[in-house]
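Trainee: Please take a close look at the salt bridges in this model. I would like to know which residues pair and where they sit.

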Amino acid sequence: MDEKLIQRLESAVARLESFSTGFRHGGAPESDEVTVSDPSILAFDDFMGQYVARVSSAAEKIGGQVLEATKILNEAFSVQRELLVKVKQTQKPDLAGLAEFLKPLNEVINKANALTEGRRSNFFNHLKTAADSLSALAWIAFTGKDCGMSMPIAHVEESWQMAEFYNNKVLVEYRNKDPNHVEWAKAMKELYLPGLRDYVKSFYPLGPVWSVTGKKAASAAPKASPPTKTSAPSAPAPPPPPPASLFSSEPPQASSSKPKEGMAAVFQEINSGKPVTLGLKKVTDDMKTKNRADRVGIVGSSEKGGRTASPSFSKTGPPKLELQMGRKWVVENQIGRKNLVIDDCDAKQSVYIFGCKDSVLQIQGKVNNITVDKCTKMGVVFTDVVAAFEIVNSNGVEVQCQGSAPTISVDNTGGCVLYLSKDSLGTSITTAKSSEINVLVPGGASDGDWVEHALPQQFVHTFKDGHFETTPVSHSGG
């Protein structure tokens, strides 16, 4: 109680200091007293003093990259506060004006995403939690039901669900090692649920309320070419780079609207009415492989080492994320993709995940069944399944059920971690020819700790009374 009181007092002092320095020489406050008098801004200050301060306090005890990522997170929330103040003073912008308005927030979030790139850090799960969670701040970009976003409250909840996948890993890894990391992970969750969610619910359930009489939002102005000293015409400037995604470090993979490929393209060409041999070239004798002097039967070392495998392309085929025949989602050969999302699904559709590696797929909505086949280091976050969730012929799979699943089956798999929600504790789990299967369930307390249970993989069979009795092997200290 004393610590919370101190945080509130510090927040009040910070507001008074900003108010005292916010006056112009003429005596009028710079933000027209919005920063001090508006209840939504005052509440956001209290929110930061309570929740953001707790995350920062835990990060200071850890230091290093965790502290660096937390400072960026703190900066992002400070930028959002500035945007909330500007919303009170600005008319609702058009799409171009909104992009320019949100540019400061976008830049900070890109800084957080940059920490997760490159060589994998020992604190990768911390960095991903902080970076992915900041997409929740995009609720301020909601402009109406037709803007392509979920409602602000739902957007905050959905954004945290993806970050929670990595946050849970922090809780499990440091549960018995370092309480500071556990405190950081718990503070991160409470920052968004209930913190940011309840704030948005109280003040902006339908999105930001723009000013009717305020100034117009500025749009990005095209840069003028610098004047030249001579009268000779200057070369045209290169085209600007494509705009970066507002809150994603890599673009989402499109699941439709692609040009026809493979046999579909062949049939399309045949049906076009053009001659079949149109465009073919005559192969002369000197062009045949057996007659070419530049071809030898020895492969040089430079040829062997010249080819490098693409990080996002599987040797077995091109990556896929598409809905086939309206009934089956196919996710194949995805490598190193952490932002795969299926959000337009229903209870009659199934999801088949094949040949993926080092990727994370989020399934938003209820589907009939989900199958993970021949995948390595694959993470799946799903809401509900009607029939079953199946894992076969895989290694290092992590699955998080946020809703309910009647059956989960694991077959011929090595290394599997299942996170069950309170609604899925009645799930029936079937295993066969599998090892290292751990199931984590919510603890009885309200502090968010997970309780880990290892499923047995060794059994003792004894013959008694005319039949075999099978019991799992129990280890002392387990």
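Mentor: D198 has a relative accessible area of 33%, so D198 is partly exposed. D198 forms a salt bridge with R197, and the closest N and O atoms of that pair are 3.3 Å apart. R197 also counts as partly exposed, at 24% relative accessibility. Salt bridges with shared partners also join R54, E183 and E190 into one network. Bear in mind that this is a predicted model.

Within that network, E183 forms a salt bridge with R54, with 2.7 Å between the closest N and O atoms. This pair links distant parts of the chain: E183 belongs to helix α9 (residues 179–203) and R54 to helix α3 (residues 39–62), 129 residues apart. E183 is partly exposed, at 31% relative accessibility, and R54 is partly exposed at 23%.

Another pair involves a strand. E452 forms a salt bridge with R175, their closest N and O atoms being 3.2 Å apart. E452 lies in strand β14 (residues 450–454) and R175 in the loop between α8 (152–174) and α9, so this salt bridge ties together parts that are 277 residues apart in sequence. E452 is partly exposed, with a relative accessible area of 33%; for R175, likewise partly exposed, the value is 28%.

The general background is that side chains of opposite charge can pair when their charged atoms come close. A search of the whole structure finds twelve salt bridges, among them E183 with R54, E452 with R175 and D198 with R197.

Notes:
Residues numbered from 1 in each chain as written. Predicted model: local features only at pLDDT ≥ 70, side-chain atom pairs only at ≥ 80, totals over all residues. Heavy atoms only, no water. Salt bridge = Lys/Arg side-chain N within 4 Å of Asp/Glu carboxyl O. Helix = DSSP H or I, 4+ residues; strand = E, 2+ residues; numbered from the N terminus. Buried < 20%, exposed > 50% of the residue type's maximum accessible area, 1.4 Å probe, protein only.
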